[in-house]
Amino acid sequence: MYGFLPEPTKVTATVNAENKQALGGKATLKDVTIKFGPEGTPPVGVLFVYPNQRKGKVPTWVAINFCGNHTAIADPAVSLPKSWCQKNCPGVKDEHATEEGRGKQADVWNLEMIIDRGYAIAMYYYGDVDPDKHDFTDGVHPHFLKPGQKQLGKHDWGSIAAWAYGIHRVVDYVLTEDVVDSKRIACVGHSRLGKTVLLAAAMDDRIALAIPHQAGCGGTAPSRVDIDRKDVETIRRINTVFPHWFCDNFVLFNETPDKLPFDQHCLLALCAPRPVLYSNAVEDQWANPDGQFEMLKGAAPVYALLGTTGLEVKERPASRVLLDSKLGYFIRPGKHSMDREDWEIFLDYADKQLK
Ligand code: GCU
(Lines give C-alpha, C1' and ligand atoms only; values in the text may rest on other atoms or scores of the structure.)
Protein backbone atom coordinates (compact mmCIF):
# COMPACT_ATOMS: atom_id res chain seq x y z
CA MET A 1 0.00 0.00 0.00
CA TYR A 2 2.64 2.54 1.00
CA GLY A 3 5.53 0.86 -0.83
CA PHE A 4 8.66 -0.45 0.85
CA LEU A 5 10.70 1.87 3.04
CA PRO A 6 14.45 1.67 2.35
CA GLU A 7 16.89 0.57 5.03
CA PRO A 8 17.79 3.24 7.60
CA THR A 9 20.80 5.37 6.66
CA LYS A 10 23.22 7.18 8.97
CA VAL A 11 22.20 10.65 10.17
CA THR A 12 24.58 13.54 10.73
CA ALA A 13 23.41 16.75 12.37
CA THR A 14 24.71 20.33 12.25
CA VAL A 15 23.47 23.00 14.63
CA ASN A 16 22.95 26.23 12.67
CA ALA A 17 21.74 28.41 15.55
CA GLU A 18 20.77 28.14 19.19
CA ASN A 19 18.65 30.38 21.42
CA LYS A 20 18.91 29.48 25.11
CA GLN A 21 16.30 32.05 26.07
CA ALA A 22 13.44 31.11 23.78
CA LEU A 23 9.80 31.51 24.87
CA GLY A 24 10.69 34.18 27.43
CA GLY A 25 13.58 32.14 28.85
CA LYS A 26 11.57 28.97 29.39
CA ALA A 27 13.17 26.97 26.60
CA THR A 28 16.25 26.32 24.52
CA LEU A 29 15.70 26.26 20.79
CA LYS A 30 18.04 24.70 18.27
CA ASP A 31 17.87 25.08 14.52
CA VAL A 32 19.47 21.94 13.11
CA THR A 33 20.12 20.50 9.66
CA ILE A 34 20.19 16.72 9.35
CA LYS A 35 21.67 14.79 6.47
CA PHE A 36 21.11 11.16 5.60
CA GLY A 37 20.89 8.87 2.60
CA PRO A 38 23.02 8.53 -0.50
CA GLU A 39 25.11 11.45 -1.74
CA GLY A 40 22.91 14.30 -2.96
CA THR A 41 19.85 13.48 -0.78
CA PRO A 42 18.39 16.88 0.21
CA PRO A 43 19.11 18.02 3.79
CA VAL A 44 16.21 18.36 6.25
CA GLY A 45 15.75 21.21 8.72
CA VAL A 46 14.81 20.26 12.28
CA LEU A 47 13.56 22.61 14.98
CA PHE A 48 14.30 21.21 18.44
CA VAL A 49 12.89 22.97 21.51
CA TYR A 50 13.26 21.73 25.10
CA PRO A 51 12.43 23.07 28.56
CA ASN A 52 15.15 24.84 30.53
CA GLN A 53 13.59 23.78 33.83
CA ARG A 54 13.53 20.03 34.04
CA LYS A 55 14.26 17.13 36.34
CA GLY A 56 16.15 14.52 34.36
CA LYS A 57 15.38 13.56 30.81
CA VAL A 58 12.19 14.74 29.16
CA PRO A 59 9.53 13.03 27.07
CA THR A 60 9.82 14.32 23.51
CA TRP A 61 7.39 14.87 20.66
CA VAL A 62 8.60 14.21 17.14
CA ALA A 63 6.31 16.07 14.77
CA ILE A 64 5.96 16.74 11.07
CA ASN A 65 4.53 20.01 9.75
CA PHE A 66 2.86 21.35 6.60
CA CYS A 67 4.24 24.88 6.37
CA GLY A 68 7.82 25.01 7.68
CA ASN A 69 9.46 25.05 11.12
CA HIS A 70 9.62 28.86 11.08
CA THR A 71 5.80 29.05 11.20
CA ALA A 72 5.72 27.36 14.65
CA ILE A 73 7.50 30.21 16.47
CA ALA A 74 8.50 33.78 15.59
CA ASP A 75 12.21 33.40 16.29
CA PRO A 76 14.87 34.58 13.82
CA ALA A 77 17.07 31.61 14.78
CA VAL A 78 14.74 29.25 12.88
CA SER A 79 15.65 28.63 9.22
CA LEU A 80 13.11 28.94 6.43
CA PRO A 81 12.71 25.87 4.24
CA LYS A 82 14.33 26.25 0.82
CA SER A 83 12.21 23.52 -0.75
CA TRP A 84 8.77 23.81 -2.43
CA CYS A 85 5.91 25.03 -0.15
CA GLN A 86 2.10 24.81 -0.42
CA LYS A 87 0.67 28.07 -1.72
CA ASN A 88 -1.96 28.23 1.05
CA CYS A 89 0.66 28.26 3.82
CA PRO A 90 1.24 31.64 5.53
CA GLY A 91 3.86 33.86 3.87
CA VAL A 92 4.39 31.61 0.84
CA LYS A 93 5.28 33.40 -2.40
CA ASP A 94 5.93 31.57 -5.68
CA GLU A 95 5.74 28.26 -3.81
CA HIS A 96 8.53 29.27 -1.43
CA ALA A 97 8.60 30.32 2.23
CA THR A 98 9.24 33.96 3.14
CA GLU A 99 9.95 35.82 6.41
CA GLU A 100 6.27 36.74 6.54
CA GLY A 101 5.38 33.21 7.64
CA ARG A 102 7.36 33.38 10.90
CA GLY A 103 5.22 32.39 13.89
CA LYS A 104 2.01 32.35 11.86
CA GLN A 105 1.16 28.82 12.98
CA ALA A 106 2.04 29.33 16.65
CA ASP A 107 -1.57 28.42 17.51
CA VAL A 108 -1.27 25.13 15.61
CA TRP A 109 1.91 24.08 17.45
CA ASN A 110 1.41 25.64 20.91
CA LEU A 111 5.11 25.30 21.76
CA GLU A 112 4.82 27.22 25.02
CA MET A 113 2.13 24.87 26.32
CA ILE A 114 4.25 21.85 25.33
CA ILE A 115 7.24 23.29 27.22
CA ASP A 116 5.10 24.27 30.24
CA ARG A 117 3.84 20.71 30.45
CA GLY A 118 7.42 19.39 30.61
CA TYR A 119 7.90 18.06 27.09
CA ALA A 120 10.45 18.74 24.35
CA ILE A 121 9.56 18.78 20.66
CA ALA A 122 11.50 18.19 17.45
CA MET A 123 9.76 18.91 14.17
CA TYR A 124 10.52 18.88 10.48
CA TYR A 125 8.88 20.26 7.38
CA TYR A 126 7.53 17.49 5.13
CA GLY A 127 8.43 19.24 1.86
CA ASP A 128 12.14 18.95 2.77
CA VAL A 129 11.84 15.17 2.42
CA ASP A 130 9.45 15.13 -0.52
CA PRO A 131 7.51 18.02 -2.08
CA ASP A 132 3.82 17.05 -2.02
CA LYS A 133 3.38 16.72 -5.79
CA HIS A 134 2.92 13.86 -8.20
CA ASP A 135 6.56 13.95 -9.13
CA PHE A 136 9.29 11.62 -7.96
CA THR A 137 12.14 13.53 -9.57
CA ASP A 138 12.49 15.77 -6.50
CA GLY A 139 12.84 15.07 -2.76
CA VAL A 140 14.48 11.86 -1.50
CA HIS A 141 13.13 9.44 -4.11
CA PRO A 142 15.63 9.82 -6.98
CA HIS A 143 18.56 9.40 -4.58
CA PHE A 144 17.38 6.02 -3.31
CA LEU A 145 16.95 4.36 -6.74
CA LYS A 146 18.92 1.14 -7.08
CA PRO A 147 21.91 1.15 -9.42
CA GLY A 148 20.58 1.19 -12.99
CA GLN A 149 17.00 1.96 -11.88
CA LYS A 150 15.61 5.03 -13.68
CA GLN A 151 12.22 5.40 -12.03
CA LEU A 152 10.18 4.01 -9.15
CA GLY A 153 8.75 0.51 -9.47
CA LYS A 154 5.10 -0.25 -8.75
CA HIS A 155 5.77 -1.32 -5.17
CA ASP A 156 8.44 1.28 -4.35
CA TRP A 157 7.73 3.90 -1.70
CA GLY A 158 5.31 6.77 -2.27
CA SER A 159 5.38 10.13 -0.52
CA ILE A 160 3.77 8.99 2.75
CA ALA A 161 6.44 6.30 3.18
CA ALA A 162 9.13 8.90 2.42
CA TRP A 163 7.76 11.31 5.03
CA ALA A 164 7.61 8.42 7.54
CA TYR A 165 11.25 7.62 6.75
CA GLY A 166 11.97 11.29 7.51
CA ILE A 167 10.32 10.89 10.92
CA HIS A 168 12.57 7.90 11.61
CA ARG A 169 15.63 9.95 10.79
CA VAL A 170 14.47 12.75 13.12
CA VAL A 171 14.09 10.09 15.83
CA ASP A 172 17.71 9.06 15.10
CA TYR A 173 18.72 12.67 15.63
CA VAL A 174 16.75 13.33 18.85
CA LEU A 175 18.25 10.20 20.40
CA THR A 176 21.64 11.96 20.20
CA GLU A 177 20.32 14.80 22.39
CA ASP A 178 21.08 14.25 26.10
CA VAL A 179 17.88 15.82 27.38
CA VAL A 180 15.65 13.38 25.44
CA ASP A 181 14.15 10.40 27.24
CA SER A 182 14.66 7.63 24.68
CA LYS A 183 11.80 5.58 26.15
CA ARG A 184 9.26 8.39 25.84
CA ILE A 185 9.16 9.52 22.24
CA ALA A 186 5.68 10.53 21.07
CA CYS A 187 4.89 11.21 17.46
CA VAL A 188 2.21 13.53 16.08
CA GLY A 189 1.00 14.80 12.71
CA HIS A 190 -2.21 16.08 11.17
CA SER A 191 -4.21 14.63 8.29
CA ARG A 192 -1.91 13.33 5.50
CA LEU A 193 0.84 13.77 8.06
CA GLY A 194 -1.26 11.78 10.55
CA LYS A 195 -1.33 8.93 8.03
CA THR A 196 2.46 9.35 7.94
CA VAL A 197 2.75 9.21 11.73
CA LEU A 198 0.76 5.96 11.97
CA LEU A 199 2.98 4.31 9.35
CA ALA A 200 6.11 5.65 11.07
CA ALA A 201 4.97 4.27 14.45
CA ALA A 202 3.96 0.90 13.00
CA MET A 203 7.44 0.47 11.49
CA ASP A 204 9.55 1.75 14.39
CA ASP A 205 8.97 0.81 18.02
CA ARG A 206 11.30 3.52 19.30
CA ILE A 207 8.13 5.60 18.89
CA ALA A 208 6.46 4.96 22.25
CA LEU A 209 3.17 6.71 21.48
CA ALA A 210 1.49 7.96 18.31
CA ILE A 211 -1.22 10.51 17.57
CA PRO A 212 -2.37 10.36 13.96
CA HIS A 213 -4.69 13.37 14.21
CA GLN A 214 -7.69 13.44 11.83
CA ALA A 215 -5.79 11.11 9.51
CA GLY A 216 -8.72 9.36 7.80
CA CYS A 217 -8.52 7.32 4.59
CA GLY A 218 -5.12 5.76 3.93
CA GLY A 219 -4.28 6.12 7.63
CA THR A 220 -6.68 5.63 10.52
CA ALA A 221 -9.93 5.02 8.56
CA PRO A 222 -10.88 1.79 6.80
CA SER A 223 -10.16 1.30 3.08
CA ARG A 224 -12.85 -1.36 2.77
CA VAL A 225 -15.88 0.94 2.55
CA ASP A 226 -18.60 1.07 -0.11
CA ILE A 227 -16.83 2.64 -3.10
CA ASP A 228 -19.88 4.74 -3.95
CA ARG A 229 -19.95 6.53 -0.61
CA LYS A 230 -19.61 10.28 -1.07
CA ASP A 231 -19.60 11.27 2.63
CA VAL A 232 -16.22 9.70 3.40
CA GLU A 233 -13.03 9.48 1.38
CA THR A 234 -12.55 6.21 -0.54
CA ILE A 235 -9.28 4.74 -1.80
CA ARG A 236 -10.44 5.30 -5.39
CA ARG A 237 -10.79 8.97 -4.65
CA ILE A 238 -7.54 9.31 -2.68
CA ASN A 239 -5.55 7.44 -5.35
CA THR A 240 -7.02 9.71 -8.02
CA VAL A 241 -6.51 13.06 -6.28
CA PHE A 242 -3.21 12.19 -4.57
CA PRO A 243 -1.63 9.52 -6.78
CA HIS A 244 1.82 9.98 -5.27
CA TRP A 245 0.93 9.21 -1.64
CA PHE A 246 0.91 5.41 -1.99
CA CYS A 247 2.73 2.88 -4.15
CA ASP A 248 1.39 2.42 -7.68
CA ASN A 249 0.07 -1.08 -6.95
CA PHE A 250 -2.43 0.31 -4.44
CA VAL A 251 -4.61 1.59 -7.31
CA LEU A 252 -5.32 -2.05 -8.25
CA PHE A 253 -7.84 -2.05 -5.39
CA ASN A 254 -9.62 1.18 -6.34
CA GLU A 255 -12.80 -0.56 -7.52
CA THR A 256 -12.56 -3.58 -5.21
CA PRO A 257 -11.31 -2.46 -1.80
CA ASP A 258 -13.07 -5.52 -0.29
CA LYS A 259 -10.36 -7.61 -2.01
CA LEU A 260 -7.58 -5.92 -0.03
CA PRO A 261 -6.04 -8.67 2.12
CA PHE A 262 -5.81 -6.23 5.06
CA ASP A 263 -7.37 -3.07 6.35
CA GLN A 264 -6.08 -0.24 8.49
CA HIS A 265 -6.63 -2.08 11.81
CA CYS A 266 -3.65 -4.19 10.72
CA LEU A 267 -1.39 -1.15 10.50
CA LEU A 268 -2.63 -0.06 13.92
CA ALA A 269 -2.09 -3.56 15.33
CA LEU A 270 1.58 -3.29 14.35
CA CYS A 271 1.82 -0.57 17.02
CA ALA A 272 0.63 -2.91 19.78
CA PRO A 273 1.04 -2.75 22.72
CA ARG A 274 2.02 0.90 22.38
CA PRO A 275 -0.56 3.69 22.96
CA VAL A 276 -2.17 5.27 19.89
CA LEU A 277 -4.76 8.05 20.06
CA TYR A 278 -7.22 8.61 17.20
CA SER A 279 -8.41 12.21 17.51
CA ASN A 280 -11.09 13.73 15.33
CA ALA A 281 -13.55 16.57 14.73
CA VAL A 282 -17.32 16.32 14.31
CA GLU A 283 -17.37 18.37 11.10
CA ASP A 284 -14.56 16.30 9.60
CA GLN A 285 -16.72 13.37 8.42
CA TRP A 286 -14.45 13.06 5.36
CA ALA A 287 -11.93 11.41 7.70
CA ASN A 288 -14.60 8.86 8.72
CA PRO A 289 -14.46 9.17 12.52
CA ASP A 290 -16.95 6.29 12.97
CA GLY A 291 -14.96 3.99 10.71
CA GLN A 292 -11.84 4.90 12.67
CA PHE A 293 -13.46 3.64 15.88
CA GLU A 294 -14.14 0.32 14.10
CA MET A 295 -10.41 0.11 13.32
CA LEU A 296 -9.62 0.53 17.03
CA LYS A 297 -11.99 -2.36 17.77
CA GLY A 298 -10.34 -4.41 15.03
CA ALA A 299 -6.85 -3.92 16.49
CA ALA A 300 -7.87 -4.55 20.13
CA PRO A 301 -7.44 -8.37 19.96
CA VAL A 302 -3.74 -7.89 19.23
CA TYR A 303 -3.35 -5.76 22.33
CA ALA A 304 -5.14 -8.52 24.29
CA LEU A 305 -2.83 -11.13 22.74
CA LEU A 306 0.11 -9.12 24.06
CA GLY A 307 -1.44 -9.12 27.53
CA THR A 308 -2.83 -5.62 27.72
CA THR A 309 -6.21 -3.95 27.37
CA GLY A 310 -6.28 -1.91 24.19
CA LEU A 311 -9.78 -0.52 24.08
CA GLU A 312 -11.65 0.05 27.34
CA VAL A 313 -15.13 0.76 25.90
CA LYS A 314 -17.44 -0.72 23.25
CA GLU A 315 -19.08 2.50 22.05
CA ARG A 316 -17.46 5.58 20.61
CA PRO A 317 -17.09 8.20 23.39
CA ALA A 318 -19.19 11.37 23.30
CA SER A 319 -17.83 14.65 21.98
CA ARG A 320 -15.06 16.15 24.16
CA VAL A 321 -14.70 12.98 26.28
CA LEU A 322 -11.14 11.66 26.02
CA LEU A 323 -10.92 7.88 25.96
CA ASP A 324 -7.37 7.52 27.26
CA SER A 325 -6.90 3.75 26.99
CA LYS A 326 -3.97 2.38 24.98
CA LEU A 327 -6.23 2.48 21.96
CA GLY A 328 -7.46 6.00 22.58
CA TYR A 329 -10.15 8.10 20.95
CA PHE A 330 -11.22 11.72 21.01
CA ILE A 331 -13.68 13.77 19.02
CA ARG A 332 -14.42 17.45 19.45
CA PRO A 333 -16.82 19.87 17.78
CA GLY A 334 -15.42 21.85 14.85
CA LYS A 335 -13.45 21.36 11.71
CA HIS A 336 -10.45 19.68 10.16
CA SER A 337 -7.60 21.48 11.95
CA MET A 338 -5.08 21.15 14.76
CA ASP A 339 -5.44 23.68 17.57
CA ARG A 340 -4.95 24.45 21.23
CA GLU A 341 -7.77 22.23 22.44
CA ASP A 342 -6.30 19.31 20.50
CA TRP A 343 -2.89 19.88 22.09
CA GLU A 344 -4.39 19.92 25.58
CA ILE A 345 -5.83 16.50 24.81
CA PHE A 346 -2.59 15.22 23.23
CA LEU A 347 -0.69 16.25 26.36
CA ASP A 348 -3.29 14.75 28.73
CA TYR A 349 -3.10 11.50 26.79
CA ALA A 350 0.70 11.51 26.82
CA ASP A 351 0.74 12.32 30.56
CA LYS A 352 -1.54 9.34 31.20
CA GLN A 353 0.34 6.91 28.96
CA LEU A 354 3.96 7.99 29.33
CA LYS A 355 4.44 9.49 32.78
C1 GCU B 1 -7.49 15.93 1.75
C2 GCU B 1 -7.43 14.41 1.63
C3 GCU B 1 -7.25 13.75 2.97
C4 GCU B 1 -6.10 14.37 3.74
C5 GCU B 1 -6.26 15.89 3.78
C6 GCU B 1 -5.10 16.64 4.42
O7 GCU B 1 -8.67 16.30 2.38
O8 GCU B 1 -8.61 13.98 0.99
O9 GCU B 1 -7.00 12.36 2.81
O10 GCU B 1 -6.02 13.82 5.00
O11 GCU B 1 -6.38 16.39 2.46
O12 GCU B 1 -4.00 16.13 4.44
O13 GCU B 1 -5.33 17.77 4.85
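Is A77 buried or exposed? In this predicted model, A77 has a relative accessible area of 18%, and because buried means under 20%, the residue counts as buried. A77 sits in the loop that runs between β4 (58-65) and α2 (106-109). Beyond its neighbours within four places in sequence, A77 is in contact with A17, L29 and D31. One of these partners, L29, is 48 residues away along the chain, yet the C-alpha atoms of the pair are separated by 8.2 Å.

Turning to the interior, nonpolar side chains tend to be buried together in soluble globular proteins. Here the largest nonpolar core holds 79 residues, and the members that touch the most others are I34, Y124, W163, I167 and L268. Helix α5 (residues 159-174) is the top contributor to this core, giving 11 residues. As for W163, residues up to four places away in sequence are not counted, and its contacts are then I64, Y124, Y126, V129, D130, D132, R192, L193, T196 and W245. Another core, of 35 residues, lies apart from the largest one and includes A22, A72, I211 and L354.

L354 also leads to helix α10 (residues 340-354), where it is one of the buried residues. The others buried in this helix are D342, W343, I345, F346, L347, Y349, A350 and Q353. At 1.5 Å a residue, the 15 residues of α10 should span 21 Å, which agrees with the 20 Å between its end C-alpha atoms. At the N-terminal end of α10, D339 provides a cap, with a side-chain oxygen 3.1 Å from the backbone nitrogen of E341.

Key. Residues are numbered from 1 along each chain as its sequence is written. This is a predicted model: local features need pLDDT of at least 70, side-chain atom pairs count only at pLDDT 80 or more; totals for chains, interfaces and linings use all residues. Side-chain values use heavy atoms; hydrogens and water are left out. A nonpolar core is a set of buried Ala, Val, Leu, Ile, Met, Phe, Trp, Tyr and Cys residues joined through side-chain atoms within 4.5 Å. Buried means under 20% relative accessible area, exposed over 50%, partly exposed in between (1.4 Å probe, protein chains only). Helices (H or I, at least four residues) and strands (E, at least two) are DSSP runs, numbered from the N terminus. Contact means heavy atoms within 4.5 Å. The expected span of a helix is 1.5 Å times one less than its number of residues. A polar contact is a pair of N or O atoms within 3.5 Å; within protein, one must be able to donate a hydrogen and the other to accept it, and residues adjacent in sequence count only if both atoms are side-chain atoms.
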